Amino acid sequence: MMSETAQGTEENVMTIDDAKAPTGDHGITARDLDIYYGDFLAVRKVNMAIEPRSITALIGPSGCGKSTFLRSLNRMHEVIPRARVDGTVLLDGEDIYGPGVDPVVIRRKIGMVFQRPNPFPTMSIAENVLAGMRLNAKRLSRSAADDIVEKSLRGANLWDEVKNRLDQPGSGLSGGQQQRLCIARAIAVEPEVLLMDEPCSALDPISTMAVESLMLELKSDYTIVIVTHNMQQAARVSDRTAFFNIDGTGQPGYVVEMDATEKIFSNPSQQATSDYVTGRFG
Amino acid sequence: MTPSTTAPRGPLGDRVFRRLSVSAGVTVLVALAAVAVFLVFRALPAFTSAQNEIGVGGDNGEGEGFLSYVLPLLFGTVWAALIALLIAMPVAVGVALFITQYASKRIASALGYGIDLLAAIPSVVYGLWGIFVLAPVLARNVYPWLGDNLGFLPFFSGTTSTSGRTMMTAAVVLAIMILPIISAISREVFTQTPALHKEAALALGATRWEMIRMTVLPYGRSGVIAASMLGLGRALGETMAVALILSPADVISLKLLTNQNPNTIAANIALQFPESTGLEVNTLIATGLVLFAATFVVNAMARRVAGGEVND
């Protein structure tokens, strides 16, 4: 299913990350993960190690379950009625599906950016950034709130564009700005992991570039998992790539292979992967 | 607006359908205009006659003038409707939230069906139920307690009625009657909250209630207000239930628990009309015109709120 090759480059990445992360490693491990919608098995037996402080891309044809898998990593999958999973997902060695684990707590540790930018329409830019902080029911002092807003917007490369209109509605921004606002909102709560579900599919090329360069900056602090339909994007930004496939409609999706991005795009071990990345299907 | 502006040359079906839909639209306007014209013409004598001739019913104030006749009634109408709205709105919003956000599909549809059935009960049945069931129960178990413990508030002061035929009972029954429309519309707007926004809140680590507060309520706010206005409009015009329940008097009073209650315009017309002749009929119709205007204002406000809705 998945070929773990210990390449020199990856070894380096890991040592650097270990040095930067004294507490917990923020990596994710999925073990024998089956994902269901009701009785329908949508994704079967995923075994995957997502390396900390790197970008992992999930690619594959439509309907292969990559978004479903992504949503199971922060327990957003179960928001859909009768959706459930079997198996384990370890974050810092702890099972996020373990008994007594509150999904709300998990989602505060694992942020998510969606396909379409979704700032809260009734909130200003600053309020959008602070939305997650307010949830923790903590009283924020004015100056602390201002600091978080500035830090998060700077982190999302949006500060210079919006610093003069923080009190205006977030829905007034362009699509690319809205998406970066959503990233700012996600990183404001300082999660360990950032999940991105086709974050650029609704954006123009220039906004896409802005988000991609932002991802490259963010990976020094966050573990990033991105679902993308754009193979150039996966090749540009990710360190490792997992290829999902599906045998036919009604069949469950599965991981064909996972490897260093370079290898997946130049010399994959599986024929199906090769066919997909060279554009022969999908 | 007129059907004869541009005669479209198209397939027969298109032309027929166009005629049909235009005439349906025109019919509504004609009916509305007909009612308005009737009200204005028949009410006119009440405004133009010498004010000392105006008054309805022998004993309560023949010859008091139209304004002092209609004011207590207008007050009673608005007062009863407001109290009803105050009771119904939180319940309706709560029900709508439960149905759309918390309940399982089966419970949600059963409850939704039950609430809709409330709208199908004729108002005279509500009135009878109010008199025979609700009024005695409230008068025995609730009103004495309210009077004893909250009597310092003007609303609960005065001699508590033992029959229970009070403004409070009427308002409770009105509240039940307007509950379905408010909850149905609230339900509709709550369901339409974009999943995108709800997921954004949940993904930030919001609990269910926090998600509702961040997305569903702000999104549905204008819809709920518009729904409440429609409910208010219905409560303003409700006749039979109030006529049966309320023990009326010619007063303006905030007291909710006494036997001396301001009547509502619609109930007053229903009660007085059979006994009225001549100028008395004109006066009653004039009060109807006032009610028409009041309802119109409420509906216009609802329209403005609902139309001003800016959600993406």
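In what order do the α and β elements of chain B run from the N terminus on? The order is α-α-α-α-α-α-α-α-α-β-β-α-α. Please keep in mind as you look around that this is a predicted model.

## The two chains in outline

Let's start with chain B, since its order of elements is already on the table. Its secondary structure comes to eleven helices and two strands. Chain A has eleven helices too, but these are joined by ten strands.

The table sets out some overall values for each chain.

| Chain | Residues | Buried residues | Citation |
|---|---|---|---|
| Chain A | 282 residues | 46% buried | |
| Chain B | 312 residues | 40% buried | |

The C-alpha atoms of chain A fill a box of roughly 55 × 40 × 40 Å along the principal axes. For chain B, the C-alpha trace spans about 65 × 65 × 30 Å along its own principal axes. How does the radius of gyration of chain A agree with that of a compact globule? A compact globule of 282 residues would have a value near 19 Å, and chain A has 19 Å, so the two agree.

The contacts inside each chain often bridge long stretches of sequence. In chain A, take the contacts between residues at least 6 apart in sequence: 70% of them join residues at least 24 apart. In chain B, residues 24 or more positions apart account for 78% of the contacts with a separation of 6 or more.

## Where chain A touches chain B

The contact between the chains takes 20 residues from chain A and 16 residues from chain B. On the chain A side, helix H3 (103–109), strand E6 (110–113) and helix H4 (125–135) each supply at least two residues. By type, the residues on that side of chain A divide into ten nonpolar, six polar and four charged.

## Helix H4 and its partner H5 in chain A

Helix H4 of chain A, which contributes to the side that touches chain B, also packs against a helix of its own chain. Its axis and that of helix H5 (residues 142–155) of chain A come within 9 Å and cross at roughly 105°. Angles of 65 to 115 degrees count as roughly perpendicular, and H4(A) and H5(A) are therefore roughly perpendicular to each other.

Which residues meet here? From H4(A) come A:Ala126, A:Val129, A:Leu130 and A:Met133, and they meet A:Ala145, A:Ile148, A:Val149, A:Ser152 and A:Leu153 in H5(A). The residues of this contact divide into eight nonpolar, one polar and no charged.

## Helix H7 of chain A and two positive phi values

H7(A) has 14 residues and reaches 20 Å from its first C-alpha to its last, close to the 20 Å expected at 1.5 Å a residue. This helix is mostly covered, with 13 of its 14 residues buried.

H7(A) is followed by A:Glu190, whose phi is positive, near 50°. A:Glu190 is found in the loop between helix H7 (175–188) and strand E7 (193–197) of chain A. Is A:Glu190 buried, exposed or partly exposed? There are 17 other C-beta atoms within 10 Å, so A:Glu190 is partly exposed.

A:Arg82 also has a positive phi, near 65°, in a residue other than glycine. Its place is the loop between helix H2 (66–72) and strand E4 (83–91) of chain A. With 11 C-beta neighbours inside 10 Å, A:Arg82 counts as exposed.

## Two buried positions in chain B

B:Val95 lies in helix H2 (residues 66–102) of chain B. Why does B:Val95 count as buried? There are 22 C-beta neighbours inside 10 Å, and 20 or more is enough for a residue to be buried. Leaving aside neighbours within four places in sequence, B:Val95 is in contact with B:Ile115 and B:Ser183. The C-alpha atoms of B:Val95 and B:Gly112 are 8.8 Å apart, with the two residues 17 residues apart along the chain.

B:Gly233 belongs to helix H8 (residues 208–237) of chain B. This glycine counts as buried, because it has 21 C-beta neighbours inside 10 Å. Not counting residues up to four places away in sequence, B:Gly233 touches B:Thr295, B:Val298 and B:Asn299. B:Phe296 is 63 residues from B:Gly233 along the chain, yet their C-alpha atoms are separated by 8.2 Å.

Terms used
Residues are numbered from 1 along each chain as its sequence is written. Chains are lettered from A and ligands numbered from 1 in the order in which they are written. This is a predicted model: local features need pLDDT of at least 70, side-chain atom pairs count only at pLDDT 80 or more; totals for chains, interfaces and linings use all residues. Two residues are in contact if their C-beta atoms, placed from the backbone, lie within 7 Å. Helices (H or I, at least four residues) and strands (E, at least two) are DSSP runs, numbered from the N terminus. Ala, Val, Leu, Ile, Met, Phe, Trp, Tyr, Cys and Pro count as nonpolar, Asp, Glu, Lys and Arg as charged, and the others, Gly among them, as polar. The radius of gyration is taken over C-alpha atoms; the globule rule is 2.2 Å times the number of residues to the power 0.38. A residue is buried if 20 or more other C-beta atoms lie within 10 Å of its own, exposed if 12 or fewer, and partly exposed in between; C-beta atoms are placed from the backbone. The expected span of a helix is 1.5 Å times one less than its number of residues. Axes are lines fitted to C-alpha atoms, for helices over the stretch in contact, and angles run from 0 to 180 degrees between N-to-C directions. Angles under 35 degrees count as roughly parallel, over 145 as roughly antiparallel, 65 to 115 as roughly perpendicular and the rest as oblique.
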